[in-house]
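Me: I've got a structure I'd like to talk through with you, one question at a time. Mind taking a look?

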Amino acid sequence: FIFIFIFATSNVFQIVFGLSYDEAITIFALIAIGSLINIPLYEKEGKIIERRYHFFGFIYTIRRRRKITIAVNVGGCIIPSVLALRLIPSLPLEAWFLSFAVCTAVIYRFAKPIEGLGIAIPMFLPPFIAATVGYAFLLTLGYPLYFLPQLAFSAGVLSALFGADILHLKDIEKIGSGVVSIGGAGTFDGIFLTGVFAVVFSFFFL
C-alpha cells in the first residue's frame, strides 16, 4: 500500500505541478521527513480534571486544569498548504473560491473531535467533495476542465485545513490534553490525503 501510495503521489505532483519524477519524489520525501516535525504555536488551558482519593475514611478531591499545546505539523500541514496556495494564482479564482467555500462547509459539518484521537472525518469524503464540486463549478462557470486536477488539489487541501482543523479549534478541549497537532498524522494526515485523492477522483470527470 505504501509503495502504491508513493507512486500515486509522485504522479499527482507531476500532473498538478508539472514536475519531473525526481522532483516529485523529492517533494514527497520532504513531506515524509516533515511529518516528524511539529512546531508549537500556542498553549491553552484545558478543562478541569477532578480526581477523588479515599484515605482512612476521608475523601480528598484534587482538581487540576489540563494544558493543551496547539502545534502544526510540517509534512502534514505546512508543505501541502504551501503547495495548494501556490496553485491559486493560476486557477479561475471564482471557481476556486466557490469550491473552497462549499468544501469547507461540508467538511466542517462532518468532522468530529474525538477524545484521544483528534478530528475525525470519513476518509474519502473530503477528496470526493473537492473533485465533484470543482467539476461542477468549472462546468457551470464555463471554464476548461483541464483546471480540475489543480483546483481539486488546492481547494481540497485548504478546505480540509480550515473545515476540519482551524474551525474546530474551539472544540479542541474535547480531544484531551497534551499536544494537538494540525496535520499531525503527517504523510497520512487528512489534509495531505485530501489533496492527493482529490486529484485521483478528478480524473473520473475528465
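Me: Where does Ser-20 sit, and is Ser-20 buried, partly exposed or exposed?
Reply: This is a predicted model, so read everything here as computed from it. Ser-20 is in the loop between H1 and H2. Its relative accessibility is 35%. Buried would need under 20% and exposed over 50%, so Ser-20 counts as partly exposed.

Me: How far is the C-alpha of Ser-20 from that of Ser-10?
Reply: Along the chain, Ser-20 and Ser-10 are 10 residues apart. Ser-10 is one of the buried residues of H1, whereas Ser-20 belongs to the loop between H1 and H2. In space, their C-alpha atoms are separated by 9.0 Å.

Me: And what about Thr-26: which element holds it, and what is its C-alpha separation from Ser-10?
Reply: Thr-26 has its place in helix H2. With 46% relative accessibility, it counts as partly exposed. Thr-26 and Ser-10 are 16 residues apart along the chain. Their C-alpha atoms are separated by 9.0 Å.

Me: How does the reach of H1 compare with the expected value?
Reply: H1 covers residues 2-17, which is 16 residues. Right after it comes Gly-18, with a positive phi near 65°. From first C-alpha to last, H1 reaches 22 Å, close to the expected 22 Å.

Me: Which residues of H1 are buried, and what arc do they cover?
Reply: The buried ones are Phe-5, Thr-9, Ser-10, Val-12, Phe-13, Val-16 and Phe-17. They sit on the same side of H1, because around the axis they cover an arc of only 155°. As a rule, an α-helix has 3.6 residues a turn, so residues three or four places apart point the same way. For the buried set of H1, then, the arc is 155°.

Me: What covers that buried side, and which exposed residues are on the face turned away from it?
Reply: The cover over the buried residues of H1 includes helix H2 (21-34), helix H3 (74-87), H6 and H7. The face turned away from the buried side carries exposed residues, namely Phe-3 and Ile-4.

Me: H7 is part of that cover; how many of its own residues are buried?
Reply: H7 has 13 residues and reaches 17 Å, close to the 18 Å expected. Its buried residues include Ile-191, Phe-192, Leu-193 and Phe-201, and their cover includes H1, H2, H3, helix H5 (125-141), H6 and E5. H7 is largely enclosed by the rest of the structure, because the buried count is 11 of the 13.

Me: What is the volume of the largest pocket, and which residues lie nearest its centre?
Reply: The volume of the largest pocket is about 590 Å³. Its lining has 31 residues. Nearest the centre are Gly-118, Ile-119, Asp-165, Asp-189 and Gly-190.

Me: Which elements each give at least two residues to that lining, and what is its make-up by class?
Reply: Strand E4 (118-120), helix H6 (148-165), strand E5 (178-182) and helix H7 (190-202) each supply at least two. Sorted by class, the lining of the largest pocket comes to 21 nonpolar, 8 polar and 2 charged residues.

Me: Zooming out, how many helices and strands are there, and what share of the chain is buried?
Reply: The protein chain has 7 helices and 5 strands, running α-α-β-β-α-α-β-β-α-α-β-α from the N terminus. Of contacts between residues at least 6 apart in sequence, 74% join residues at least 24 apart. Across the 206 residues, the buried share is 44%.

Note on methods: Residues are numbered from 1 along each chain as its sequence is written. This is a predicted model: local features need pLDDT of at least 70, side-chain atom pairs count only at pLDDT 80 or more; totals for chains, interfaces and linings use all residues. Side-chain values use heavy atoms; hydrogens and water are left out. On a 1 Å grid over the protein atoms alone, a cavity is a set of points where a 1.4 Å probe fits but cannot get out, and a pocket is an open set with protein on both sides within 12 Å along at least five of seven lines; lining residues have an atom within 4 Å of a point. Grid points are joined across faces, edges and corners, and a volume is the space filled by probe spheres set on the points. Helices (H or I, at least four residues) and strands (E, at least two) are DSSP runs, numbered from the N terminus. Ala, Val, Leu, Ile, Met, Phe, Trp, Tyr, Cys and Pro count as nonpolar, Asp, Glu, Lys and Arg as charged, and the others, Gly among them, as polar. The expected span of a helix is 1.5 Å times one less than its number of residues. Buried means under 20% relative accessible area, exposed over 50%, partly exposed in between (1.4 Å probe, protein chains only). The arc is that of the directions from the helix axis to the C-beta atoms. Contact means heavy atoms within 4.5 Å.
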